[in-house]
Amino acid sequence: MTAATAAITQYLQQQHVLTLCTQDQEGLWCASCFYVFDAATMCCYLMTADDSRHTQAMLANAQVAGTIAEQTEAVLHIQGIQFTAIAAKVAAADIAAIKARYCQRFPIAKLKSAQLWQLQLQTVKMVDNRLGFGKKHWWQRQPT
């Protein structure tokens, strides 16, 4: 694992909310979603209602983008992720394991029966000003 991949993975594991950007017939739409990250697959998993606008958009167009960032006013402490991903419903065989992991992180989710989604990260750019103003780490999924 490269130093850039390690930094990205560590940051994604430490955070828990992403901004998901989708597109439908009405245009662009963003939603804030709780997520859990799996470093082995470089995927984020989220739970969302079937009737939400972003879910309906993902059903029509699996290509999504988003951000993950802490809120700081100190420019030299800025860290954040910009990503592209392919969205898909979690496969039936994987639902129990992923839901258990999701509910461990977010116990309130045990009360919901919403669909689990996988965001298979395709490209990731991480800004980390703690390493110097404008310092960036990049990760790209390699074709299989």
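Begin by selecting F106, which is buried at a relative accessible area of 10%, where buried means under 20% relative accessible area, exposed over 50% and partly exposed in between, for a 1.4 Å probe and protein chains only. The model is predicted, so that local features need pLDDT of at least 70 and side-chain atom pairs count only at pLDDT 80 or more, while totals for chains, interfaces and linings use all residues. Residues are numbered from 1 along each chain as its sequence is written, and side-chain values use heavy atoms, with hydrogens and water left out.

Add Y102 to the selection: its ring and that of F106 have centres 5.0 Å apart and planes at 55°, so the pair is tilted. Rings of Phe, Tyr and Trp (its six-membered ring) pair if their centres lie within 6.5 Å, and planes under 30 degrees apart count as stacked, over 60 as edge-to-face and the rest as tilted. Y102 is buried, with a relative accessible area of 4%. Next bring in F34, which is partly exposed at 45% relative accessibility; ring pairs link F34, Y102 and F106 into a cluster.

Move on to V90, in the loop between β6 (79-89) and α3 (95-105), with helices (H or I, at least four residues) and strands (E, at least two) being DSSP runs numbered from the N terminus. V90 is buried, at a relative accessible area of 7%, and its C-alpha lies 8.3 Å from that of Y45, 45 residues away in sequence. Beyond its neighbours within four places in sequence, V90 is in contact (heavy atoms within 4.5 Å) with residues including Y45, I95 and W117.
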